[in-house]
Amino acid sequence: MTGKKVALVVGARGVIGGNLIDHLEATGSWQIIGLSRRGGTNSERVQHISVDLLDPIDTVDKLSGLTDITHIFYAAYQDRPTWAELVEPNVAMLVNTVSAIEPIAKKLEHISLMQGYKVYGAHLGPFKTPARENDPPHMPPEFNVDQQQFLEDRQRGKDWTWSAIRPSVVCGVALGNPMNLALVIAVYATLSKQLGIPLRFPGKPGAYSSLIEMTDAGLLAEATVWAATTPACANQAFNINNGDLFRWQHMWPKIAEFFEIEVAPPLPMSMDVVMADKEPLWDSMIRESGLRRTPYADVSSWAFGDFVFGWDYDVIADGSKARRFGFHRFVDTEEMFLRIFTDMRARKLIA
């Protein structure tokens with residue numbers, strides 16, 4: 001690993017971390033260590049380590065040999081029932097990771113922190129849009145803010161730098177991730193088709209016509225590495241989104257067309273409730289359609305779908321700062337959804 005850039009990807013099995021590893025590996029110039037609770041399959045350039053980041057002793061023990069790390073890409077997340085309860089575990093995991101690596105990694109250059117629009121209060125209700133990186137903070141608790149404050153405090157007087165990346169809803173191909181809207185939609189549409197019913201938007205009425213944007217996981221990976229390796233981006237936060245806006249009322253028929261089912265008027269309903277009894281249907285589809293044998297509990301987070309589809313207000317942020325600093329990639333969101341669905345079908349994740 002001498003002379004190489006060495007990336008520590010924290011949260012390696014999620015949609016963000018997994019796509020980040022794929023991007024780093026494709027460049028051919030990185031050696032990669034992925035951290036997760038489940039571990040993974042090693043390859044020539046990628047080593048996976050299973051670790052409990054909530055346990056500081058286990059973290060130090062498992063990471064004690066990683067002296068060549070040059071970049072930490074932090075994208076781990078622990079879910080909890082309430083916003084207040086999110087703070088302690090999510091801050092602790094970051095603190096434990098940095099505390100284990102910083103003292104031993106003498107070549108450490110950068111720590112990248114994955115955040116989101118929660119920094120702006122997007123999860124609380126209608127907020128000022130388009131949100132900008134220098135918008136004032138909102139009333140705590142908010143673990144994203146606390147994590148950034150930790151990095152700012154820790155970095156003072158050090159040679160390494162940090163960046164904070166703020167995507168919108170991230171879409172990509174990954175299983176077992178609680179924040180993968182593309183998989184929520186794909187499984188919902190697949191089950192609707194199997195039942196012979198039209199595809200109905202299940203969110204709040206106002207959400208169907210509000211403006212929203214997405215962030216493609218591949219684009220996010222590129223932007224994250226760009227910010228971590230561009231000196232001008234040191235100690236900065238960046239909104240990263242596809243670059244276009246849409247309304248579900250226009251996107252929903254396109255999604256229904258892909259799955260070859262009719263679209264019907266929206267009907268507000270809790271997906272967490274109405275999808276709770278669909279495990280037998282899913283299991284039968286696995287048998288009949290030869291789908292990958294994925295437990296229903298790992299297929300999708302219906303509560304996350306309810307969360308996103310409940311935004312009956314605009315959820316958009318200004319992405320021009322990244323462009324001013326030199327990142328000009330964009331993704332057409334309709335094309336993104338259809339590409340991801342096609343990929344999921346090819347991998348036998350959906351029918």
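Buried residues have under 20% relative accessible area and exposed ones over 50%, while partly exposed residues fall in between. These legends apply those cut-offs to a predicted model.

**View 1. Aspartate 343 pairs with arginine 347 in a salt bridge.** The closest N and O atoms of aspartate 343 and arginine 347 are 2.9 Å apart. Buried or partly exposed: how does aspartate 343 count? Aspartate 343 has 28% relative accessibility, so it counts as partly exposed. Arginine 347 is partly exposed too, with a relative accessible area of 46%. Elsewhere, Glu102, Arg154 and Lys158 are joined into one network by salt bridges that share partners. A search of the whole structure gives 12 salt bridges. Side chains of opposite charge can pair when their charged atoms come close.

**View 2. A salt bridge within helix H2 joins aspartate 58 and lysine 62.** Their closest N and O atoms lie 3.3 Å apart. Why are the two residues about one helical turn apart? Aspartate 58 and lysine 62 are separated by about one turn because they sit four residues apart in helix H2 (residues 56-63). The two ends of the pair fall into separate accessibility classes. Aspartate 58 is at 19% relative accessibility, so it counts as buried. Lysine 62 has a relative accessible area of 35% and is partly exposed.

**View 3. Aspartate 318 and arginine 132 form a salt bridge between distant parts of the chain.** In this pair the closest N and O atoms are 3.0 Å apart. The partners are 186 residues apart. Aspartate 318 is in the loop between helix H11 (302-309) and helix H12 (320-325). Arginine 132 is in the loop between strand E5 (110-114) and helix H4 (143-155). Aspartate 318 counts as buried because its relative accessibility is 16%. Arginine 132, at a relative accessible area of 35%, is partly exposed.

**View 4. The loop between E5 and H4 holds proline 130 and proline 141, each at a cis peptide bond.** Threonine 129 and proline 130 are joined by a cis bond with omega of about -5 degrees. Proline 130 lies in the loop between E5 and H4. Further along, the bond from proline 140 to proline 141 is also cis, with omega near 15 degrees. Proline 141 belongs to the loop between E5 and H4 as well. Arginine 132, the salt-bridge partner of aspartate 318, is in this loop.

**View 5. Helix H5 packs against helix H13.** Two packed helices are described by the angle between their axes and the distance between the axes. For H5 (residues 181-195) and H13 (residues 333-346), the angle is about 65 degrees and the axes are 10 Å apart. That angle makes H5 roughly perpendicular to H13. Which hand does the crossing of H5 and H13 have? The crossing is right-handed. From H5, the contact is made by Ala182, Leu183, Ile185 and Ala186. From H13, Phe337, Ile340, Phe341 and Met344 contribute.

**View 6. Glutamate 260 and lysine 348 each have a positive phi.** Most residues other than glycine have a negative phi, and most peptide bonds are trans. Glutamate 260 is not a glycine, yet its phi is about 60 degrees. Glutamate 260 lies in the loop between helix H7 (248-258) and strand E13 (263-264). With a relative accessible area of 63%, glutamate 260 is exposed. Lysine 348 is likewise not a glycine and has a phi of about 60 degrees. Lysine 348 is found in the segment after H13. Its relative accessibility is 40%, so lysine 348 counts as partly exposed.

**View 7. Alanine 227 of helix H6 is buried.** Helix H6 spans residues 217-229. Alanine 227 has a relative accessible area of 1%, which puts it in the buried class. Which residues does alanine 227 touch, leaving out those up to four places away in sequence? Alanine 227 touches His110, Ser163, Ile165, Cys233 and Phe238. Alanine 227 and histidine 110 are 117 residues apart in sequence, but 9.6 Å apart in space from C-alpha to C-alpha. One of the touching residues, cysteine 233, is itself buried, with a relative accessible area of 0%.

**View 8. Cysteine 171 and cysteine 233 are buried.** Cysteine 171 has 0% relative accessibility, so it counts as buried. Cysteine 233 also has a relative accessible area of 0%. How many disulfides are there, taking cysteine sulfur atoms within 2.5 Å as a pair? The count comes to zero.

Definitions and conventions
Residues numbered from 1 in each chain as written. Predicted model: local features only at pLDDT ≥ 70, side-chain atom pairs only at ≥ 80, totals over all residues. Heavy atoms only, no water. Salt bridge = Lys/Arg side-chain N within 4 Å of Asp/Glu carboxyl O. Buried < 20%, exposed > 50% of the residue type's maximum accessible area, 1.4 Å probe, protein only. Disulfide = S-S within 2.5 Å. Axes fitted to C-alpha atoms, helices over the stretch in contact; angles between N-to-C directions. Parallel < 35°, antiparallel > 145°, perpendicular 65-115°, else oblique. Left-handed = near helix turned anticlockwise from the far one by under 90°. Contact = heavy atoms within 4.5 Å.
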